[in-house]
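Here's a quick briefing to read alongside the model. Take a look at the fold first, then come back for the details.

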Amino acid sequence: MRKQKKVSESYVIMTELVLPNDTNTLHNLMGGKMMHWMDIVSAIAAQKHSNRIVVTASVDNVSFAESIKLGNVVTLEAKVTRAFSSSMEVHIVVYAEDIPSGKKVMSNQAFFTFVAVDQSGKAIDVPEAIPETEEEIRLYDGALRRRQLRLVLAGRMKPSEANELRSIFDLKEDAE
Ligand SMILES: CC(C)(COP(=O)(O)OP(=O)(O)OC[C@H]1O[C@@H](n2cnc3c(N)ncnc32)[C@H](O)[C@@H]1OP(=O)(O)O)[C@@H](O)C(=O)NCCC(=O)NCCS
């Protein structure tokens, strides 16, 4: 039987201070630096779930709604939402906090997909992820649709094979 692990076992929290070298000329955190931190925190979550080496396969929808300032404290939280065969979707939520004013905002969230690989870089199966809380179940349920959408966009799945997405693409059952 396939091994099972709770979603909560993959939970990772990472805290960073925005320093001058992390910012642009407006003293705001650079997007690339944020994505680097998101990649690291989510890779650790995927490693905790799989106990394997993992590689980033895709990054979904990183948008920057609010700028994060020099001196802010950035907290990144990540956990696996669902595991497929060798791939795992990880949800990352980022908060920015200005400690002197006590203001803390959620600045962005994203889904990264990691694939567990062996020493030669070949994809290898991972344990099933078991959601427990209401939020974990909601994210788990949506993960199949998101997977199909990203695989269609990456040219790795035909829209006609994306059963969960049929209503969005308005495809007939036998469409090519
Ligand atoms: C990701 C990678 C291991 C997939 O290898 P592959 O030979 O295409 O393997 P497969 O076709 O067997 O697919 C393996 C898994 O990857 C998933 N996958 C592949 N491309 C994907 C993509 N663009 N988005 C999401 N998942 C993807 C597949 O869906 C499959 O998942 P599953 O096993 O859970 O069904 C390979 O493409 C790779 O090593 N890429 C480079 C990774 C890297 O260097 N990342 C850092 C970039 S800076």
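What follows covers the sheet, a helix and the ligand's surroundings.

Keep in mind that this is a predicted model. It has an open sheet of five strands with antiparallel pairing, and 17 residues surround the ligand.

**The sheet**
- Reading across, the strand order is β2-β4-β5-β6-β3.
- β2 (12-17) and β3 sit at the edges with a single partner strand each, so one side of each has no neighbour in the sheet.
- On average, neighbouring strands are turned by 30° against each other, ignoring direction.
- β2 and β4 (residues 73-83) pair in the antiparallel sense over six bridges, and Glu 16 stands opposite Val 74 in β4.

**Helix α1**
- α1 (residues 31-50) has 20 residues and spans 28 Å from first C-alpha to last, close to the 28 Å expected at 1.5 Å a residue.
- Its buried residues are Met 34, Met 38, Val 41, Ser 42, Ala 45, Ala 46, His 49 and Ser 50.
- Those residues are on the same side of α1 because they cover an arc of only 165° around the axis.
- Just after α1, Asn 51 takes a positive phi of about 55°.

**Around the ligand**
- The closest residues to the ligand are Ser 58, Phe 84, Ser 85, Ser 86 and Ser 87.
- β3 (53-60), β6 (103-117) and α2 (134-153) are the elements giving two or more residues to the shell.
- β3 gives the most, with four residues.
- By class, the shell has eight nonpolar, seven polar and two charged residues.

Methods. Residues numbered from 1 in each chain as written. Predicted model: local features only at pLDDT ≥ 70, side-chain atom pairs only at ≥ 80, totals over all residues. Near = placed C-beta within 6 Å. Nonpolar A, V, L, I, M, F, W, Y, C, P; charged D, E, K, R; others polar. Expected span 1.5 Å × (residues − 1). Buried ≥ 20, exposed ≤ 12 C-beta atoms within 10 Å, placed from the backbone. Arc of directions from axis to C-beta. Pairing = 2+ DSSP bridges. Axes fitted to C-alpha atoms, helices over the stretch in contact; angles between N-to-C directions.
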